[in-house]
Amino acid sequence: MTMTINTTETTPVIPLPTTAARAATVTGAALTVASTFLAWTYTDAFPGDLTVYGYPGGLQVLTLISALLTLLFATAGYGVRGLGWLNPAGGNNSTFFVALGTFATTWFTTIAISVKLGGLANLEPGGFVAMAASLLTVIAALGLPLDRHTKESQPQFSWPAFIGLTLITGLITYPLWRYIRLGSNPREIRRAKELPNWAEILIIAGAFGVALYVFTYGIDTEYAELFIGYIISVAFGFTALTRAGLIARITRLTTKHRNVTLAAALVAAFCFPFTQQNEQYALIGANILIFATVALGLNVVVGLAGLLDLGYVAFLGVGAYAAALVSGSPLSPVGVQFPFWAAVLTGAAASLVFGVVIGAPTLRLRGDYLAIVTLGFGEIFRLTVNALNGVSGPDLTNGSQGIPSIPDLNLFGFDFGVSHDIAGFTLGRSANYYLLMLVFTAVVVLVFRRSGESRIGRAWVAIREDETAATAMGINAFRLKLLAFALGATLAGLAGTVQAHVSYTVTPEQYQFAGSVPPNSAFLLAAVILGGMGTLSGPLVGAALLYLIPAKLQFMQDYQLFLFGIALILLMRFRPEGLVADRRKQLEFHETGQLDVPAEDAPLTQTTAGTTKAGA
Amino acid sequence: MTTETTTPTTTTVLDASGVTMRFGGLTAVRDVDLTVNSGEIVGLIGPNGAGKTTFFNCLTGLYIPTEGKVSYKGTVLPPKPHLVTKAGIARTFQNIRLFSNMTVLENVLVGRHTRTKEGLWSALLRLPGFHKAEDASRERAMELLEFIGLQDKADHLARNLPYGDQRKLEIARALASDPGLLLLDEPTAGMNPQETRVTEELIFAIRDQGIAVLVIEHDMRFIFNLCDRVACLVQGEKLVEGTASEVQADERVIAAYLGTPFEGAPGAEEVAEVEAAEAHAGTTAPAQAAPAKTTDTTPAGTTTPADDTTPETPSTDEEGTR
């Protein structure tokens, strides 16, 4: 429970003299950088044109960026002036992680080339140089003093877990991981120099600029190999930045300037369609935004109030159906056409009513029972919509055919269905809807933040924590749970009204518990849990990942749910608090003591001091 | 700190009459009457399983009593916990039930819930009164944290507080609802003598703010120092009620605590058993009676019986550490 002493040690995995290891790391990284300027393969049969000398292309660019980062981190380890900001946490783990990322990207590329073109013979010498150099870098980085778990503080060994994780991670990865025992030393991150406000704001803007670029790069990847390489590089790069303490520093800035951060995020999101000339990619953007918005709505219910709702997608469906019915579609059984604002209100109101009607009886249940009942109601929605086809019930929804040919919106003379040229940029149909959806997302973000930071939000969290104690504190638990449920439903309904127009058609099959295309209830919940429950940015990140990965890797469509399951297992094993951890969750899952209190026990501070000296 | 507060006009804060709680065939609380007057600290004692906590739950609306009624300042309480709190009765729990993943300050702010009105619309639109109400709540919460001495830990997670502080925080959270009556369920369970002493002073301070206190406790020294009146509950029934000295002197209370059958003539077997037990645990038997001897001579108040020289009391060991 309390801060235990010596759960981490700072030792190299491979016993090498630190100076030699560092020199080798720098050399290896430099060689890797150089190798990306060589040709890796003979033919351009492998996408991305890796045959040119002096000009890195495709996956080589990813290796180049990773290797450059490795070089930077390794050089910063010498204590070079002007590079100290790179690694405020000290230690060498960040260097190791970027080296590992470079290695993984490079080897993935060369293996993909060999597999695709049939054999290692297809590699040019440049490819072998890259493989050797990146391997050298990783091995050398293992010789640096790394922060590791002590043998005693390793997670308890158990055969079932060991065998399971070994199989899942591809036979050697997990045993190696256990052997390396990387851990995070709870280091005190060096205080940043006091910067003037405008500089801090500039840093935030820069960070969001980089984030937008990275995100756009991912959406723009044209072939699956490049996307996989991208995911590998980003995952390792991000881990390295976290270990280096840079992410923590940025977080410190963003929490200090919260409104600036929100504005910067909004601007970055606003800029996205202007970078996209490809209609298909802009559509991915619009769908991610819808998915993310609904996930954030679900986060009110699950993350704040702690009500496990497994049928949440039904509310999205109610909103979408309501909007579709009054959209003026020629096939809509209700032959009216509402203006968009009225359709939005209709959708939201319908979801609200549906939410209250379902919530009022079910919210008297707690925990597992609530989950099962909401799961049932989610399916009831789908079946009912299916049945209202004029044969087994009154014709209200066209049954399984759904409502097709929903007309495009036209707001203030702006036709969403056609391309517009704005300031030299062409905005296609999807881009138009993306921008419309962004307004809705902003509203939901605002609702989430403002409700979360109020008397109501505190009451929700209190109910999540201990319902009995919450009622004893004067909270009308049932009413507040119903409020959370209804608010969540309304937000989903809002998103649904836009979704109906984006996807032209609404059918019952779009709104099931689990399916291959997000958003469905299982994916929504996964986005919330993966991203980080109760946080604002978590579900947004989670939804982006969960949508982007299946959209980009069409070839693994058949195995999607399987791979997805594996990913969840690994995530829950290694990062149970989700990708974006709020401070509370981090404390809940990792018993590292109180993070926001200065370290109290002397031995730990001493180790930290010692390693900082060795590291920096 | 004052030890004796004389209330000029005594009004009845809590009036429970004929409270009975049955779970199926088991009667956990049987026909209990209890009143608490303003400015009073009333203790509720009894062996384990006597129904003390059940009685508390009946008072606070967690259970709906099978029979009887509970009224607060003349109005009958509705059997809903949140309405009871709103009416002015706040409680703590026997096993600490803080919102462990909220900060200390947030915990107290939750306690302010019934005394604030800002709803969802106010929060979403940030209506004019919103910031004012939030600031006022925060100010009051910080006052309470200062009152219990946790103001420096306002931003800590409740789960990371030491045990004693968690107990205190629970009291602060209860006080945040501006109650007229505070129900404390074993506030010193698991505490060392110093902490118990601090809690004792805290409760006196709360009483001095004009809040009546009803406290369940097993620590006899604590309860007899603290309480103006003590009621003893045994097997769901109120055995005796009166001043500390009266209750201590009561044969039946002692009997109940020692496990001797308290009514009907004991069979020869039982007598032998009890005698054997008394002979075996010669030190523990008088221990129950010992405080009676000492506090008989001192007024029921905070006066520590530090000069207690009774050699056979086990609590003298504790006293050494005081």
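Start in chain B of this predicted model. Select helix α10, residues 251-258 of chain B. This helix lies across β9 and β10 of chain B. Its direction makes an angle of about 135° with β10(B).

**The six-stranded sheet of chain B**

Now select the two strands under that helix. β9 covers residues 229-234 of chain B, and β9(B) pairs with β10(B) in the antiparallel sense over 5 bridges. Pick V234(B) and look across to β10(B): the bridge partner is E237(B).

Extend the selection to the whole sheet. It is open, has 6 strands, and follows the order β6-β7-β8-β3-β9-β10 in chain B. Pairing here is mixed. Which strands are at the edges? Select β6 (89-91) and β10 (237-242) of chain B; each pairs on one side only. Sight along the sheet to see the twist, which averages 20° from one strand to the next.

Next, add helix α7, residues 193-208 of chain B. Helix α7(B) lies across β3 (41-45), β7 (181-185) and β8 (212-216) of chain B. Against β8(B), the helix runs at about 150°.

**The four-stranded sheet of chain B**

Move to the other sheet in this tour. It is an open sheet of 4 strands in chain B, ordered β2-β1-β4-β5, with antiparallel pairing. Its edge strands are β2 (26-37) and β5 of chain B, and each of them pairs on one side only.

Select β1 (12-23) and β4 (67-72) of chain B. These strands run antiparallel and are joined by 5 bridges. Two residue pairs are worth labelling. L14(B) stands opposite Y72(B) in β4(B). D15(B) has S71(B) as its bridge partner in β4(B).

Keep S71(B) selected and turn to the next strand. S71(B) also stands opposite V76(B) in β5(B). Strand β5 spans residues 75-76 of chain B; β4(B) and β5(B) run antiparallel and are joined by 2 bridges. Their hairpin has 2 residues between the strands. Check the backbone at K73(B) there: phi is positive, near 45°.

**Chain B as a whole**

Zoom out to chain B. The chain has 13 helices and 10 strands. Of its 322 residues, 42% are buried. Take the contacts in chain B between residues at least 6 apart in sequence: 68% of them join residues at least 24 apart.

**Where the chains meet**

Bring chain A into view. How many residues of chain B are in contact with chain A? Select 31 in chain B; they are in contact with 26 residues of chain A. On the chain B side, α2 (81-87), α3 (104-111) and α4 (120-125) each supply at least two residues. That side of chain B divides into 10 nonpolar, 13 polar and 8 charged residues.

Stay with α3(B) and add helix α16, residues 455-465 of chain A. The two axes come within 10 Å and cross at roughly 105°. So α16(A) and α3(B) are roughly perpendicular to each other. Show the side chains at the crossing. From α16(A), the contact uses R458(A), A459(A) and A462(A); from α3(B), it uses E106(B), L109(B) and V110(B). By class, this contact has 4 nonpolar, no polar and 2 charged residues.

**The nonpolar cores**

Which residues have the most contacts inside the largest nonpolar core? Select A484(A) and L181(B); the core they belong to has 180 residues. Helix α11 (279-304) of chain A contributes the largest share, 18 residues. Centre on A484(A). Beyond neighbours within four places in sequence, A484(A) is in contact with V300(A), V301(A), L304(A), A305(A), L307(A) and W460(A).

Another core lies apart from that one and has 45 residues. Pick out some of its members, including L50(A), F73(A), I113(A) and L144(A).

**Last stop: L69(A)**

Select helix α2 (59-76) of chain A and find L69(A) within this helix. Is L69(A) buried or exposed? It has 24 C-beta neighbours inside 10 Å, so L69(A) counts as buried. Outside its neighbours within four places in sequence, L69(A) is in contact with V98(A) and G237(A). Finish by drawing a distance from L69(A) to A349(A). The two are 280 residues apart in sequence and 51 Å apart in space, C-alpha to C-alpha.

Definitions and conventions
Residues numbered from 1 in each chain as written. Chains lettered and ligands numbered in written order. Predicted model: local features only at pLDDT ≥ 70, side-chain atom pairs only at ≥ 80, totals over all residues. Contact = placed C-beta atoms within 7 Å. Nonpolar A, V, L, I, M, F, W, Y, C, P; charged D, E, K, R; others polar. Core = buried A, V, L, I, M, F, W, Y, C linked by C-beta atoms within 7 Å. Buried ≥ 20, exposed ≤ 12 C-beta atoms within 10 Å, placed from the backbone. Axes fitted to C-alpha atoms, helices over the stretch in contact; angles between N-to-C directions. Parallel < 35°, antiparallel > 145°, perpendicular 65-115°, else oblique. Pairing = 2+ DSSP bridges.
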